[in-house]
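Here are my notes on this one, written as numbered points. Have the model open while you read.

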Amino acid sequence: MAKEGFNEYGEPTLREIDDYKGKASPEKRRAVMWVIITGLTLGVFYALAKNYFKDVGEKEYKIPQEQKIRNF
């Protein structure tokens, strides 16, 4: 007594899923496109902010050492 479009485990079969073989609705395609564009945009902003605010550390001064510490 299985439902139409479901297998014996109660899961929908591939042919009953609405985007099987590229038959997704235009609304779903737009949503996926906006998710991808938003992710790429946020990634670009993150990369730019990381590059702009990176810590370069303090300037290193080269001071000549004339005396050496010797351990006996």
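**Notes on the model**

1. Start with the surface: Val32, Ile36 and Leu40 make up a nonpolar patch there, and together they have about 290 Å² of accessible area. Keep in mind that this is a predicted model. As for where the patch sits, isoleucine 36 belongs to helix H1, which covers residues 26–52.

2. On secondary structure, the count is quick: the protein has 1 helix and 0 strands.

3. How much of the protein is buried? Of the 72 residues, buried ones account for 1%. The exposed area of the protein comes to about 8,100 Å², and 58% of that is supplied by carbon and sulfur atoms.

4. Now the rings. Searching the whole structure turns up 1 aromatic pair. The partners are tyrosine 52 and phenylalanine 53, with ring centres 4.7 Å apart and planes at 85 degrees, so this pair is edge-to-face; the cut-off for that label is an angle over 60 degrees.

5. Are those two ring residues buried or exposed? Tyrosine 52 has a relative accessible area of 67%, so it is exposed. Phenylalanine 53 also counts as exposed, at 64% relative accessibility. The cut-off for exposed is over 50%.

6. One last residue to look at is glutamate 11, which is located in the segment before H1. Its relative accessible area is 46%, so glutamate 11 is partly exposed, a label that applies between 20% and 50%. Which residues does glutamate 11 contact, if neighbours within four places in sequence are left aside? They are Gly5 and Phe6.

Conventions. Residues are numbered from 1 along each chain as its sequence is written. This is a predicted model: local features need pLDDT of at least 70, side-chain atom pairs count only at pLDDT 80 or more; totals for chains, interfaces and linings use all residues. Side-chain values use heavy atoms; hydrogens and water are left out. Patches are made of residues with over 30% relative accessible area and no salt bridge: like charges are joined within 9 Å, nonpolar side chains (Val, Leu, Ile, Met, Phe, Trp, Tyr) within 5 Å. Accessible areas come from the Shrake-Rupley method with a 1.4 Å probe; for residues, only the protein chains shown count as cover. A salt bridge is a side-chain nitrogen of Lys or Arg within 4 Å of a carboxyl oxygen of Asp or Glu. Helices (H or I, at least four residues) and strands (E, at least two) are DSSP runs, numbered from the N terminus. Buried means under 20% relative accessible area, exposed over 50%, partly exposed in between (1.4 Å probe, protein chains only). Rings of Phe, Tyr and Trp (its six-membered ring) pair if their centres lie within 6.5 Å; planes under 30 degrees apart count as stacked, over 60 as edge-to-face and the rest as tilted. Contact means heavy atoms within 4.5 Å.
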